[in-house]
Amino acid sequence: MSKYVIIGNSTAAAGCIEGIRSVDNSGEITVVSGENHFVYSRPLISYYLEEKTDLQRMKYRPDDFYEKNKCNVLYGVKAEKIDKEKSEVYLDNGEKLSYEKLMIATGSSPFVPPFKGLDTVENKFSFMTIDDALAIEKTVDENSKVLIVGAGLIGLKCAEGLLEKVGKISVCDLADRVLSSIFDDECAKIMQNHLEEKGIEFLLGDSAEEFNGNTAKMMSGKDVEFDVLILAVGVRSNIAIAKEIGIDTNRAILVDNAMKTSLENIYSAGDCTEYVDFSSNSKKVMAILPNAYLQGNTAGKNMAGESAVFDNAIPMNSIGFFGLHAMSAGSYFDEKDGGKCYIEKGERHIKKLFVKDGVLSGFIIIGDVSKAGIYTNLIRNKTELSEIDFETIKKSPTLFAFSKENRGKMLGGVV
Amino acid sequence: MKRVFVNEKWCLGCHLCEYNCAFANSGLDNMAKALKDKKIYPRIRIEGDENINYAVSCRHCTDPMCVKSCITGALSINDGVITINQEKCVGCLTCILVCPYGCISQNENSVAQKCELCLKNSSGEPACVKGCPNNAIVYEER
């Protein structure tokens, strides 16, 4: 009987379990869960604050998930060290686990820059885990002034989740635009205007330099008073356990399209990995939930002896703030990168389609996002735009842009 | 497993399937009450132009990107049918971002909705198929 050990208990781990079980129904699976929680959806922590979900509905899988998949889960236990020669994982409770196939799904941790005076701040939080959300919920009240450092996905979702619960929210970021990882200037401005209308204050191109109790001294010289500080500067992949046994790493653990690391019998998936972005053909950390699942699932199948690949991963995001939705996918190659950009815009909406080498390389949409998956699929399939009616599809995503024959294939059989 | 298929040669583009879908999923027993003067949210949509039309609804993929990408676990496969637990869905729309067919949409409460073959509503079998005047939509095994 095969022995599988999974370090981590989030999305990639769940994908891995389902991948293994789709091939091997009897092998022994042990999950090392640092967090004391049943697998839950991490991005839902902002929806929890917003009261759009609750602890039960946040569970990523049904209550009988581990039981049905015959997994032994060790809660509140961390893996400390891997012995690659003996194929053993040492745990912080003094025990060790032996494995035949190992999955490292250690995720990422908030990066907290060494701010001067940070230790003088009483109420400071990161925003990554359910425990962070619960602690923030307990601390804030309707008069709280909240300062969020970081106007990225984590910081702004936190702002959305908290807005109704607190008195004031200010968000600062060194970058001069919001959501700089998914938007260009023009798109960021539309979302920023929307968020400002809802009552969020921004200090962009500016960040905290020093803290003194409840005051942040900003680089611009401004002082910002706050009661609660949220640090959402960025995340770092958790790679120490892999690096120390010689697994190839860069910013994260390097994996191939079968999710194998450089060491035999050791796989990795999720936020702790760096892998090929199909839309730009370069290795990246694409720390997004769908990819974590797809990677984990692929790894699991391979660990159980199948040969599966996930070879068309792209960065992509679907995110809404106060009813205004945004989607992005792929790589934004515009004129300066040898690409071409098709733009359609208004005051509250925008669509940018980026075309390079005759295929759609990426897109950003704010506003009407319906059927956007048709665009995503063009990126994933590297569909030659000369083979479809691009004039039609650029206005709105539709299968009508495909030839009758291809449409027949898409809609006429089992896919 | 039986699925819904469209024959674009026979589709008239009459949009009746959209109305029958919205009615079947309304939970009401009177079509006028369910649909009259209301914006409808059908899970099947007619595409095309003046000459060519066809209906598009969930393909119930065997390896579905929507299920694999769902951030909440609200989408799952049950006996081959891809279903959504709207209580769990928070309306992040990642499923819309990844569905290659454009078959998932937002309902009136801003959460995701999709064709579940009418197996959970009072129609019991796809209402779009039952009500198609030209037999352009069929429910069969292929």
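## Chain B: its helices and strands

Let's start with chain B of this predicted model. Chain B has five helices and eight strands. If you walk along its sequence, they come in the order β-α-α-β-β-α-β-β-α-β-β-α-β. So how does its radius of gyration fit the globule rule? For 142 residues the rule gives 14 Å, and chain B comes out close to that at 15 Å, so chain B is as compact as a globular protein of that length.

Picture a box laid along the principal axes of chain B: its C-alpha atoms fill roughly 40 × 35 × 30 Å. Of the 142 residues in this chain, 46% are buried. Now take the contacts in chain B between residues at least 6 apart in sequence: 57% of them join residues at least 24 apart.

## The two domains of chain B

Chain B is split into two pieces. Domain 1 is made of residues 1-57 + 117-142, and domain 2 covers 61-114. Measure from C-alpha centre to C-alpha centre and these two domains of chain B lie 19 Å apart.

Where they touch, domain 1 of chain B puts in seven residues and domain 2 of chain B puts in ten. On the domain 1 side, you'd find five nonpolar residues, one polar and one charged.

## Chain A: the overall picture

Over in chain A, there are eleven helices and 26 strands. Its C-alpha trace spans about 65 × 60 × 35 Å along the principal axes. A compact globule of 415 residues would have a radius of gyration near 22 Å, and the 23 Å of chain A agrees with that.

Buried residues make up 47% of the 415 in chain A. As for contacts in chain A with a separation of 6 or more, 63% come from residues 24 or more positions apart.

## The three domains of chain A

Chain A is divided into domain 1 (3-109 + 236-303), domain 2 (118-233) and domain 3 (323-412). How far apart are the centres of domain 2 and domain 3 of chain A? Taken over C-alpha atoms, 33 Å separate them.

These two domains of chain A do touch, with eight residues from domain 2 and eight residues from domain 3 taking part. The domain 2 side of that contact has five nonpolar, one polar and two charged residues.

## A helix to look at: helix 8 of chain A

Try finding helix 8 of chain A, which runs over residues 289-303. At 1.5 Å a residue, its 15 residues should span 21 Å, and the end C-alpha atoms are indeed 21 Å apart. Is this helix enclosed or out in the open? 15 of the 15 residues of helix 8 of chain A are buried, so it is largely enclosed by the rest of the structure. Just after helix 8 of chain A comes G305(A), with a positive phi of about 105°.

## Where the chains meet

Finally, put the two chains together. In all, 30 residues of chain B are in contact with 39 residues of chain A. Several elements of chain B each supply at least two residues to the side that touches chain A: strand 1 (2-6), strand 2 (45-48), strand 3 (53-56), helix 3 (65-69) and helix 4 (94-98).

Which element of chain B gives the most to this side? That's helix 4 of chain B, with four residues. By class, the side of chain B that touches chain A has 15 nonpolar, eight polar and seven charged residues.

Definitions and conventions: Residues are numbered from 1 along each chain as its sequence is written. Chains are lettered from A and ligands numbered from 1 in the order in which they are written. This is a predicted model: local features need pLDDT of at least 70, side-chain atom pairs count only at pLDDT 80 or more; totals for chains, interfaces and linings use all residues. Ala, Val, Leu, Ile, Met, Phe, Trp, Tyr, Cys and Pro count as nonpolar, Asp, Glu, Lys and Arg as charged, and the others, Gly among them, as polar. Domain bounds come from an automatic or database domain assignment. The radius of gyration is taken over C-alpha atoms; the globule rule is 2.2 Å times the number of residues to the power 0.38. A residue is buried if 20 or more other C-beta atoms lie within 10 Å of its own, exposed if 12 or fewer, and partly exposed in between; C-beta atoms are placed from the backbone. The expected span of a helix is 1.5 Å times one less than its number of residues.
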